[in-house]
Protein chains: 2
Amino acid sequence: MTDNQTRLGVVLFPGFALLDVAGPMQFFNQLSAIKPFELSIIAKTMDAVYTTPPKNTVPESKFDRIGEALLPTHTFDNAPEFDILLIPGGLGTRDETIANEVTSFIKKQYPTVKYLLSVCTGSLMVAAAGVLDGRKATSNKFAWPWTKIHKSVDWIPKARWVVDGNIWSSSGVAAGMDMTYAFIATVFSPDIAKELATKMEYEPHTNSEWDPFCEIWNLSSK
Amino acid sequence: MTDNQTRLGVVLFPGFALLDVAGPMQFFNQLSAIKPFELSIIAKTMDAVYTTPPKNTVPESKFDRIGEALLPTHTFDNAPEFDILLIPGGLGTRDETIANEVTSFIKKQYPTVKYLLSVCTGSLMVAAAGVLDGRKATSNKFAWPWTKIHKSVDWIPKARWVVDGNIWSSSGVAAGMDMTYAFIATVFSPDIAKELATKMEYEPHTNSEWDPFCEIWNLSSK
């Protein structure tokens, strides 16, 4: 990327996983102190979006899950074009209506993005948008059975993250931080990525094939 | 903790570090699926609170930093009592008014909390509240010089996190996740902590003395 302003978009939906957004955004927030960024946070409406999973996406329980609410700056209808578009995952992706809305937004934006990044089950919606057809990608390992729905994607079970063309996909939740580290090292500079991680006191996994969770969740390593 | 509802409070202030809140909260959000929790997010007012640092806390720059906004559920004035109170850090702690407001809230709440947790420079406000006098604690390594203000605290430079009595303090930003893992393993159960981290695809540092950032930032190891 040059020193021109980077237009970054982050999608929210009810039941997104907080760390899927916050891990990458802690890097980008800090990066914006040394490189110019413009951030849009996009959702269906301008109402605050809760991480709490919709009732239909989780087993019935005696008590309610807790969650936090983030504020959008744009809606799916009025969002601008982006250089980087980040799609988080989370339990909300199990709701068909929610997943379809995000998938439609990805379809609309993909032709004009420079880079599309997904964390966790966000890649299932990227796949549903058809933009991963014939490409390699990864996803959350606990939710791996759902990748089978998208047969035209070459899903890689043992991977912390996968890059194919301009699409970066990471494994579950915390893996988004390692993907973002590698993304910034590749697209901005390795020194900048290291500086940000050192200030965050984060030790990134820098090998994209590091993935103990593939075995923990009993997936074949392909 | 028993199976009674755990009352968890998280403090927000302008310029809090997103991951200081979101790292621990990803654990607690998931934990609330198996243990009953009640979450309060507390700030000065009920307005959304931005991670963007106040202008007076950062060097002048050609461009504005990006940030996200989280919604509070309570104010410093009407917050209930808590079992666990989490104090994040961030650049906003450099603003005297902000730091004083959070410090006053900690002073008011400490007598009734079971556990006080801080991430990053959050420990500087915990120290200012006087509740760390004569106790061990740690803080962000980049911001270490500020710990010298609080001479009555036994600051530990080489530590991922420190526990003294009912006060848990972690090192910078990402260290909050490792502290939370250890906290849940200790206070709930090691198996639960492991289950949450495995679902998050997070590999925690489980040694509280692991701290390469102490050397990176040239701090003596005591």
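1. Let's start with the helix pair across the two chains. In this predicted model, A:Leu18, A:Leu19, A:Ala22, A:Gly23, A:Met25, A:Gln26 and A:Asn29 of H1(A) touch B:Leu18, B:Leu19, B:Ala22, B:Gly23, B:Met25, B:Gln26 and B:Asn29 of H1(B). By residue class, this contact between H1(A) and H1(B) has 8 nonpolar members, 6 polar ones and no charged ones.

2. Now for the geometry of that pair. Helix H1 spans residues 18–31 in chain A and residues 18–31 in chain B, and the two axes come within 9 Å of each other, crossing at roughly 165 degrees. Angles over 145 degrees count as roughly antiparallel, so H1(A) and H1(B) are described that way. The crossing of H1(A) past H1(B) is left-handed.

3. Zooming out to the whole interface, 55 residues of chain A contact 55 residues of chain B. About 4,200 Å² is buried between chain A and chain B, and carbon and sulfur atoms account for 66% of that area. On the chain A side, A:Phe63, A:Ile66 and A:Glu201 contribute 19% of the area buried against chain B, more than any other three residues.

4. If you plan to look at charge pairs here, note that the rule finds 0 salt bridges across the interface of chain A and chain B.

5. Within chain A, have a look at helix H4 (residues 175–187) and helix H5 (residues 190–200), which pack at about 145 degrees with axes 6 Å apart. H4(A) brings A:Tyr181, A:Ile184 and A:Ala185 to the contact, while H5(A) brings A:Pro190, A:Ile192, A:Ala193, A:Lys194, A:Leu196 and A:Ala197. The contact of H4(A) with H5(A) comprises 8 nonpolar residues, no polar ones and 1 charged.

How values were computed:
Residues numbered from 1 in each chain as written. Chains lettered and ligands numbered in written order. Predicted model: local features only at pLDDT ≥ 70, side-chain atom pairs only at ≥ 80, totals over all residues. Heavy atoms only, no water. Axes fitted to C-alpha atoms, helices over the stretch in contact; angles between N-to-C directions. Helix = DSSP H or I, 4+ residues; strand = E, 2+ residues; numbered from the N terminus. Parallel < 35°, antiparallel > 145°, perpendicular 65-115°, else oblique. Left-handed = near helix turned anticlockwise from the far one by under 90°. Contact = heavy atoms within 4.5 Å. Nonpolar A, V, L, I, M, F, W, Y, C, P; charged D, E, K, R; others polar. Buried area = accessible area lost by both parts, 1.4 Å probe. Salt bridge = Lys/Arg side-chain N within 4 Å of Asp/Glu carboxyl O.
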